[in-house]
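Ready for a bit of practice? Have a look at the structure below, then try each exercise before you read its solution.

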Amino acid sequence: MTCLICGTPYQSTPTWSKLFLNQLDSSTCTRCFEKFEVSESAIDFTDFLGTPYEGAVDSVFCLYTYNEPMKEFLHQYKFLQDIALAKVFALSLQQVFHRKEGIVVPIPMHAEKLVLRTFAQVDELLNAAQILFQQVLTKTASDSQGKKTKKERLKTSNLFEAIQTIEETNYILFDDIYTTGATIHHAAKVLKDSGAKRVDAITLIKG
Ligand SMILES: [Zn+2]
């Protein structure tokens, strides 16, 4: 097999779990994959205390830190639109999602942005990991969140709307990166206000 990151051929070792649990193959060599750093920092929700978003999210789990190799990966994947790279984290995501129960909901892109980026990067990470999801939210605001301060982001009206009936059950939000937490909190609040029992969030990266 050829590593998706460095292009070097590598040996994929067969394991029992791959055979019996229908586990996905890795798509990078060990040397490249080891450069991604597992995130161990806990997520702090204190910014949301006393705001309408307090209590919207029950837990957040981020897999990796935003280190240099991850920055390069994201650049290649998102901006250079290399969809094949969605496979790099397929195995890790599959393992994390198997431990949680609930309806998986990817954070949607605004329609205009989707045209610009050509593919839904967050959805494709889940597709590569063979994780079923429901697109129950739509993004209503098109203005770039990146230009706003954290306070401004918290004040803006909700960025999302539900486009399907929300069930009284557990939901798992998924996004590529957790930075200020505004996106996840906005999405979680829509789900909770519409009847969701519990909302957990998983992101690939802790920004
Ligand atoms: Zn490699």
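Here are four exercises on this predicted model, each with a worked solution.

**Exercise 1. Work out which residues hold the zinc ion and what arrangement the donor atoms make.**

Step 1: Find the donors. They're the SG atoms of Cys3, Cys6, Cys29 and Cys32, lying 2.3 Å from the zinc ion.

Step 2: Check the angles. The 4 donor atoms subtend 105 to 115 degrees around the zinc ion, and four donors count as tetrahedral if all angles lie between 85 and 135 degrees, so this arrangement is tetrahedral. For reference, the ideal angle for four tetrahedral donors is 109.5 degrees.

Step 3: Look at the sequence. The donor residues follow the spacing C-x2-C-x22-C-x2-C. Cys3 sits in the segment before α1 (16-20) and Cys29 in the loop between α1 and α2 (30-33), 26 residues apart, so this pair links distant parts of the chain. Both Cys3 and Cys29 are buried.

**Exercise 2. Check whether the span of helix α3 (residues 68-79) agrees with its number of residues, then find where its buried residues point.**

Step 1: Take 1.5 Å a residue. The expected span is 1.5 Å times one less than the number of residues, so the 12 residues of α3 should span 16 Å.

Step 2: Compare. The end C-alpha atoms of α3 are 16 Å apart, which agrees.

Step 3: List the buried residues of α3: Met70, Phe73, Leu74, Tyr77 and Lys78. They cover an arc of only 105 degrees around the axis, which puts them on the same side of α3.

Step 4: See what covers them. The cover includes β1 (59-65), α5 (111-117), α6 (121-128), β5 (170-178) and β6 (198-206).

**Exercise 3. Describe the largest nonpolar core and follow Phe174 within it.**

Step 1: This core has 31 residues, and Phe73, Phe89, Leu93, Phe97, Phe174 and Leu204 touch the most other members.

Step 2: Ask who supplies it. β1, α3, α4 (90-98), α6, β5 and β6 each give at least two residues, with the largest share, 5 residues, coming from α4.

Step 3: Leave aside neighbours within four places in sequence. Phe174 then has contacts that include Leu93, Phe97, Val122, Leu125 and Leu204.

**Exercise 4. Are Thr118 and Gln130 buried or exposed?**

Step 1: Place them. Thr118 lies in the loop between α5 and α6, while Gln130 is in the loop between α6 and β3 (137-139).

Step 2: Apply the cut-off. Exposed means over 50% relative accessible area; Thr118 has 53%, so Thr118 is exposed. Gln130 has 53% as well, so Gln130 is exposed.

Step 3: Look at phi. Thr118 has a positive phi near 65 degrees, and Gln130 has a positive phi of about 55 degrees although it isn't a glycine.

Notes:
Residues are numbered from 1 along each chain as its sequence is written. This is a predicted model: local features need pLDDT of at least 70, side-chain atom pairs count only at pLDDT 80 or more; totals for chains, interfaces and linings use all residues. Side-chain values use heavy atoms; hydrogens and water are left out. Helices (H or I, at least four residues) and strands (E, at least two) are DSSP runs, numbered from the N terminus. Buried means under 20% relative accessible area, exposed over 50%, partly exposed in between (1.4 Å probe, protein chains only). The arc is that of the directions from the helix axis to the C-beta atoms. Contact means heavy atoms within 4.5 Å. Donors are N, O and S atoms within 2.8 Å of the metal (3.2 Å for Na, K and Ca); water is not among the atoms, so sites may look incomplete. Four donors count as tetrahedral if all angles lie between 85 and 135 degrees; four count as square planar and six as octahedral if opposite donors are over 155 degrees apart and all others between 65 and 115; anything else is irregular. A nonpolar core is a set of buried Ala, Val, Leu, Ile, Met, Phe, Trp, Tyr and Cys residues joined through side-chain atoms within 4.5 Å.
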